[in-house]
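Student: Before we look at this structure, I would like to know how each term is decided. Please set the values against the definitions.

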Amino acid sequence: MVKWLENAVFYEIYPQSFYDTNGDGIGDLQGIIEKLDYIKSIGCNALWINPCFDSPFQDAGYDVRDYYKIAPRYGTNDDAKHLFDEVHKRDMHVLLDLVPGHTSIEHEWFKQSAKAEKNEYTDRFIWTSNVWQYPTNIRLISGLFERDGNAVINFFSSQPALNYGYYEPRAEWEQPMDAPGPKATLEEMKRIMAFWLDMGCDGFRVDMAASLVKNDEQRIGVTKLWHNVRAFLDEKFPQAVLVSEWGEPHESLNAGFHMDFLLHFGESHYTNLYHEKGAYFSKDATLDSAAFIKTYKSYMEKTAGKGYICLPTGNHDMVRLSNFVDAAGQKLAFAFQMSMPGCPFIYYGDEIAMNYQQLVNKEGGYFRTGSRTPMQWNNEKNFGFSSAEAEMLYLPTDPSENAPCVAAQENDPDSMLNTVRDLIAIRKANPALQNGGSVTFLTEGGYPLVYLRENAGQRILVLVNPSADAVTYKTDLVGEKIYEFGTVSYENGAYHIGAQSAAFIVL
Ligand code: NOJ
């Protein structure tokens, strides 16, 4: 495990919407630099920046046109280098977003690959043999190119799949992983990683990491591929961190990733807790924690000692947290997150409870667009996000009367912002709460949620009651209360936990 990860708390930045320093209505790298001290003040010591590479932005930058160039709207490669330096000066770290599964249709490799005449990039993407023959169970771009074939897509139809080969080739156009085309794609991806690592970034969040090898239901081929990447990194950049968008930590950590996100799709059930209507952490809950706990326990058993499971407060692909749980519920969700093992990720703006907006699609965001609005810094023009006229902004700001902002919360000790700060400070001060400790669930459904964290000789009991009713929990585990939200007391052999309350007890 890379040492700094043991105590890392990440902050995810959607660069479009964070802070605009040149008045064009869109965030930039210089804006991130200027807000590093703020991020550090929350207690976050690491960043994940959504793709900031040259792109036509049909999927907000997840459609890369040039992997080696910062998108001009965010700045230059020199600005990126400056950002890495400023991050490190503050003893922080930064991960870029690597999109290895697909490019934009505007990428030069794809333009070359779409030509009839054979060239260096002919096999950089996956093409069927001709436009007339194709399977109906995969999505294709068809009939737009000189080349006689259909290009396989990985996500939107502007995102052709890069060719890393097929674990089990079944059709004549499906190339094995060790064919020259797939091998060249992988070597190029490693060159791209080396380029940014050499410049000073600390690693990558890897987009759709499990999607690279096709016909690979058991993910055997893709595991081999990532072992190859890890061996390369271990030799040249042993400190380079990889976190996967995979959602099956027992697979991804075996493939060589340090950490994996629980995702809003798949089997993890973590959205049941605070990211769905009727979520367990909401006052009017209809969902329980049991399914999450069962899956989480099995993930923890299967990944013991291999890396971290990451629980995000939200991300750029989800409706914001504040849409599902009220203010007290959000504070409890943070108390839960900051007392769980693994590496926590805070989505920009969740620390001040920014609202989800109903907005029309921007840059392929669709429903996600409403979670990508400008960061609200203060109550001045455009909430201090940009000096541009409102119509020029990347997305409109929150029109609601009580729209939250950083400045208004700074001096209120009970604000969401200061609650998050307190919780991160407590996490950092107590070994049992840190990323590597163990967790034992003492309840596995219903209210309260009770678990024991243990690490480096310290034991902390966490009690969380997100429900609208007070509850009791019988136990003889007593000790010093180091955190309390709402009311939690111990009497006659039981904890009495008020409605929407939580406590951390050092045993
Ligand atoms: C996952 C990213 O988080 C999402 O924003 C993007 O649209 C898809 N992958 C495609 O790259």
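Tutor: A polar contact is a pair of N or O atoms within 3.5 Å; within protein, one must be able to donate a hydrogen and the other to accept it, and residues adjacent in sequence count only if both atoms are side-chain atoms. This is a predicted model, in which local features need pLDDT of at least 70, side-chain atom pairs count only at pLDDT 80 or more, and totals for chains, interfaces and linings use all residues. Residues are numbered from 1 along each chain as its sequence is written, and side-chain values use heavy atoms, with hydrogens and water left out.

Student: What makes the pair between D59 and the ligand a polar contact?

Tutor: A ligand oxygen is 2.6 Å from an N or O atom in the side chain of D59, and the limit is 3.5 Å, so the pair counts. For the side chain of D207 the distance is 2.8 Å, and for that of R205 it is 3.1 Å.

Student: Which residues are around the ligand?

Tutor: Among them are Y62, H102, F155 and E245. A residue is near a molecule if one of its heavy atoms lies within 4 Å of it.

Student: How do you know that the structure holds 0 disulfides?

Tutor: A disulfide is a pair of cysteine sulfur atoms within 2.5 Å. The cysteine sulfur nearest to that of C52 belongs to C201, 9.4 Å away, so C52 is in no disulfide. For C343 the nearest is that of C310, at 5.2 Å, and C343 is in no disulfide either.

Student: Why is C52 called buried?

Tutor: Buried means under 20% relative accessible area, exposed over 50%, and partly exposed in between (1.4 Å probe, protein chains only). C52 has 2%, so the word applies. C343, at 1%, also counts as buried.
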